[in-house]
Amino acid sequence: MSCRICKPRGGGRGYINLFGKIGYCNNFIKSNFHNFIDVNRKNFTTGNLKSNDAKDEASFTITSDTIRIDGQSFPVDDFTNVTPNILSKIKRQLHLHQSHPISILRNLIETQLNDFRHFNSFSPIVSTRQNFDDLGFPIDHVGRNKTDSYYINRSVMLRTHTSAHQLQILSAGENKFLVSADVYRRDEIDSNHYPVFHQMEGVQVFDVAEAKEQVSCDITKIGQFNSACVLISNEADTDTSTNNQKNPIQFCHPVEAANSVGLHLKHTLNELVKRLFKDEKELKVRWIDAYFPFTSPSWEMEVLYQGKWLEICGCGVILQDLMNKAVRPNEIGWAFGLGLERIAMVLFDIPDIRLFWSNDPRFLDQFTTNEIKKFKPFSKYPASTRDISFWVDNNKGFHENNFCELVRSIAGDLVEDAKMIDEFVHPISKRRSLCYRIIYRSMDRNVTNEEINQIQLDVQKEVQTQLGVILR
Ligand code: DAH
């Protein structure tokens, strides 16, 4: 989760993408998905989520000047880039479907942190102010790019993280709370990335003057769970006991109070993770230093799963500026954001993030409220692979997220993976050529060649019109 919310590391333009991949903040293309809506949807799109459950349905209408979602109207502008595909997801709320793995996990964490108040039904439609400005995101932060986030218009968007609700809840005077919700990000396509996923935000606040005492008392109360299976290492540049210039304690905080709060945060999360993963064999967990615009110091927690370090949590000591905005100048707090899919994939052994969205009873019927059961894979339907090669106009810019979004908007959940497999620059014209391999597969049925051919034809047509590339 450091991703685009995290600042570029090492001073370069590279940043750590949502779950640990390096991405680049390219220029994003001028043609936008406003065009996409107009051209592709003939100026008028209505939608209803295909689902068994009527209460899951979001109804929306997109015209060239207005988006209506469940009776609310928003003017369209040059920032609009939400698609029917993405709007069809906003009522699913997997975290509230009792026997769904995401909800089971939410419940488990809420039970562990049982004296936290929970908020589970905030609308995903937030202002850019809530999502970015309130949290101190710089104006040029990559997360604000249209290539990375879903905008309804310049000032309204689909939240990219549950932190968007921190200020409103802190301002209401809450001291200990959890927020679980669906969050939306434009991203690459593979088994770990889906444009909608779920996060749980946790916040706890202390009086600055009493922080040290409150923390030591609380840490004793939380106790230490003995787990021989979960090995936690602290690879953060320092632990919370000394001030670290790269990951500093805020100058306005008394060092002792800030250290105590950092310690409390790490203890809370270590204990949570040990209890959640108690049945895993030798699970490795590590702490590393991080950066978020709204915390300092900041850390990330990662787990080693199938040979890869997966980021499961970003956290830190809340910027005092945010506490002051909430009119709580004499208090100090910590906050974390957990990636629920990431944790559920490990706990339930779920190999592909798309499975969470499946309505296939062979998936859904495997899970029972309050129980962690390993997923028993059912036979996979065959994949159908297509390559697409094109010349990129150097002046127009090309962003992989725009390409992936376009493929998703045409193929929906039939697209499993889209990877660049070849790139070269023509020695004379200096034009760049890219080749992407797209893997199509359904989670719950056989796809036909004709159907995939048609999708591929649509993809070819739309990448030319929307992204201004030239097919090879
Ligand atoms: N909102 C961050 C993200 O989605 C995660 C996060 C980091 C949440 C630090 C926090 C925090 O509450 O303190 O990448």
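## A walk through the model

Start by selecting helix α9, residues 340-347: eight of its eight residues are buried, so the rest of the structure largely encloses this helix. Keep in mind as you click around that this is a predicted model. The buried set in α9 reads L340, E341, R342, I343, A344, M345, V346 and L347, so charged residue names turn up there alongside the others. Step past the end of the helix and pick D349, which follows α9 and has a positive phi, near 60°.

**Next stop: the aromatic rings**

Now show the side chains of F348, F363, F367, F375 and F378. Ring pairs link these five into a cluster. Zoom in on F363 and F367: their ring centres are 5.1 Å apart and their planes meet at 65°, so this pair is edge-to-face, the cut-off for that label being over 60 degrees. Are F363 and F367 buried or exposed? Both are buried.

The whole model has 20 aromatic pairs. For another of them, select F137 and F294. Here the ring centres lie 6.0 Å apart and the planes are at 25°, so the pair counts as stacked. Which parts of the chain does the pair link? F137 sits in the loop between α4 (128-131) and β9 (151-153), while F294 is in the loop between β14 (283-292) and β15 (295-305), so colour both loops; the two residues are 157 residues apart. F137 is buried, at a relative accessible area of 4%, and F294 counts as buried too, at 7%.

While the rings are on display, add two lysines. The charged end of K146 sits over the ring of F79, 5.5 Å from the ring centre. Over at W287, K266 lies over the face of the ring, with 5.3 Å to the centre.

**On to the sheets**

Switch to a cartoon view and find the open sheet of eight strands. Its order is β7-β11-β12-β17-β16-β15-β14-β13, and the pairing is mixed. At the edges you'll find β7 (117-119) and β13 (230-234), each pairing on one side only. Neighbouring strands in this sheet are turned by 25° against each other on average, ignoring direction.

Within that sheet, highlight β11 (residues 176-184) and β12 (residues 196-207): they run antiparallel and are joined by nine bridges. To see one of the partnerships, pick V179, whose bridge partner in β12 is E201.

There is also an open sheet of four strands, ordered β19-β20-β18-β21, with antiparallel pairing. Its edge strands are β19 (415-425) and β21 (470-471), and each pairs on one side only. Select β18 (residues 384-392) and β20 (residues 432-440), an antiparallel couple joined by nine bridges. S389 stands opposite C435 in β20.

**Last stop: helix α12**

Finish with α12, residues 449-467. This 19-residue helix reaches 26 Å from its first C-alpha to its last, close to the 27 Å expected at 1.5 Å a residue. Colour its buried residues: I452, I455, Q456, V459, E462, V463, Q466 and L467. Then turn the view to look down the axis. Those buried residues fall within an arc of 135°, so they line one face of the helix. On the other side, E450 and K461 are exposed. Just after α12, click on G468, which takes a positive phi of about 65°.

Terms used: Residues numbered from 1 in each chain as written. Predicted model: local features only at pLDDT ≥ 70, side-chain atom pairs only at ≥ 80, totals over all residues. Heavy atoms only, no water. Phe/Tyr/Trp six-rings, centres within 6.5 Å; stacked < 30°, edge-to-face > 60°. Buried < 20%, exposed > 50% of the residue type's maximum accessible area, 1.4 Å probe, protein only. Lys NZ or Arg CZ within 6 Å of the ring centre and 35° of its normal. Expected span 1.5 Å × (residues − 1). Arc of directions from axis to C-beta. Pairing = 2+ DSSP bridges. Axes fitted to C-alpha atoms, helices over the stretch in contact; angles between N-to-C directions.
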